[in-house]
Protein chains: 2
Amino acid sequence: MSEKKRGNTSLQQMMESFEEACRSADLKLTHQRLEIYRELATATDHPCAETLHRRLLKHMPTLSLDTVYRTLATFAQHHLVKKVQTVDSQARFEAEMSQHHHVICDSCKEIMDFQWGSFDAFSVPGDIEQWGSITNKNVTIHGTCRKCQATQQEVKQT
Amino acid sequence: MSEKKRGNTSLQQMMESFEEACRSADLKLTHQRLEIYRELATATDHPCAETLHRRLLKHMPTLSLDTVYRTLATFAQHHLVKKVQTVDSQARFEAEMSQHHHVICDSCKEIMDFQWGSFDAFSVPGDIEQWGSITNKNVTIHGTCRKCQATQQEVKQT
DNA sequence: ACCTCTTTAAGAATAATTCTTATTTACATA
DNA sequence: TATGTAAATAAGAATTATTCTTAAAGAGGT
C-alpha cells in the first residue's frame, strides 16, 4: 500500500526493463546508474539533479553531483528518463515514460502527473500536420494547488 | 504585407497598450524598455535574452545584457511578456499574451505558435479540478519541422 | 530647470551545468 | 577465476546563464 502510484508498472518491473535497456544500449550497469534510476523511479515529485543527489548521498556518500547530471543526461538520450519542461532554471526529471500530462503549482512548483485519454485521442489542428512530423503532444496546466491556496489565505488574514 | 502575423493586433496597438500598462504599473517608460518590448513584439521566433540583446545592440550599442534580463523579468512579473517553458537551459520569451499553444522542433529548437480553439473549449479531467485553481492550460507539441526533416534526409544520403 | 526616485551600465558574483583528468570499475575474454 | 580494456566515476576546475552591487544617468512630477 505504501507503494508509489504508477500506472500498473511495479518498481521491480521498471528496474528490470531499465537493466535490459542499458544492456542493449551498451550502458554499463554501475551501482551509481542503478541507484540514480531507482531513486528517480520511486520519487513521487519531479526532482532536480541536486535534490536527487542530496537524497542519494545518504546511502552513497561519495556520489558526485556531476555523476548525477551526467547520468541523467545519458538516460535522457536513451529515453530512459525525461527532462520535464518548466519555466525555472533548474531542470527537473521523471522516470515515467508513458503518455501523461502535468499540472504545475506556480506557487510551490510541485508537479503532478495526470492522464487525459480523451485529449490523447484528439487529433491536432490541420495546419500543424503540415508543420513536420509530430512525436508527442502534451498538456501543461498551471495554477495554484489547494495547499498553497490555503497558505495564501492565511497570509491574507494576518 | 511584411508585417508579422499576429491575431489581429497591430504592433502599434501592442505598443500603446504596453505604454498604458507601464503607466498604471508605475514603470517608467525608458528608451530601453520600449525598445526591448518592441523587439520582442516584432520577433517571429521566441528569442532568448541573449538573442534579443544581440539584435538590439545594432541600434543601442551600450545596452547591457543585464538590462535585457532585468527588463524581461520585470515585464513578466507584470504580465506584459511570458517566459516560454522549454527543456533547454536558456529561457525564451514572447510578447504574445493571448491564449495559444506551441510546436517545438526538437532539432532546430524553433518554436511556433498555433491556435486550438476546440482544445481551449475542452474541460479538464474531473480529478484535476480538485487539485486547486487553474489559471491556464496549454499544449506543447514536439517533433521535427519540415526544414530539419529535409536536412536530416540529406545527411542520411551522404 | 530641479528634485527625487527609478533605472541603467559595468563589472563582480552566483547558480546551474559541464568539462578535464586521474583513478576505478564493469564485463568480455582468456 | 584472473586479466585487459574501454567506459564510467570523483574531484575540482571551467563554462554558461543569470543576478547582484554600485555609481551614474534619466524619467516624470513640481
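How many nonpolar, polar and charged residues does the surface near DNA strand C have? By class, that surface has six nonpolar, eight polar and seven charged residues. Here Ala, Val, Leu, Ile, Met, Phe, Trp, Tyr, Cys and Pro count as nonpolar, Asp, Glu, Lys and Arg as charged, and the others, Gly among them, as polar.

The model is predicted, with local features requiring pLDDT of at least 70 and side-chain atom pairs pLDDT 80 or more, while totals for chains, interfaces and linings use all residues. Residues are numbered from 1 along each chain as its sequence is written, chains are lettered from A and ligands numbered from 1 in the order in which they are written, and side-chain values use heavy atoms, without hydrogens and water.

**DNA strand C**

A residue is near a strand if one of its heavy atoms lies within 4 Å of it. DNA strand C is surrounded by 21 residues, the closest being A:D66, A:Y69, B:T30, B:T67 and B:R70. Sugar or phosphate accounts for 71% of the strand C atoms within 4 Å of the protein, and bases for the rest. Polar contacts (pairs of N or O atoms within 3.5 Å; within protein, one must be able to donate a hydrogen and the other to accept it, and residues adjacent in sequence count only if both atoms are side-chain atoms) are tabulated below for both strands.

| Protein group | DNA atom | Distance |
|---|---|---|
| A:L29, backbone N or O | Strand C, phosphate oxygen | 2.9 Å |
| B:T67, side chain | Strand C, phosphate oxygen | 2.4 Å |
| B:R70, side chain | Strand C, phosphate oxygen | 2.7 Å |
| A:R33, side chain | Strand D, phosphate oxygen | 2.8 Å |
| B:K28, side chain | Strand D, base nitrogen | 3.3 Å |
| B:D66, side chain | Strand D, base nitrogen | 2.4 Å |

Two or more residues of the surface near strand C come from each of α4 (65–77) of chain A and α2 (31–42) and α4 (65–77) of chain B. The largest share, four residues, belongs to α4(B). Helices are DSSP runs (H or I, at least four residues), numbered from the N terminus.

**DNA strand D**

Around DNA strand D there are 21 residues, of which A:R33, A:T67, A:R70, B:D66 and B:Y69 come nearest. The surface near strand D receives most from α4(A), with four residues.

**Relation of the chains**

Chain A superposes on chain B by a rotation of 180 degrees with 0.0 Å of shift along the axis (RMSD 0.1 Å), which is the relation of a two-fold axis. The superposition is by least squares on the C-alpha atoms of residues with pLDDT of at least 70 in both copies. In chain A, A:V139 comes closest to the rotation axis, at 2.2 Å (C-alpha). Because 100% of the interface residues of chain A are also interface residues in chain B, the copies meet through the same surface; contact means heavy atoms within 4.5 Å.
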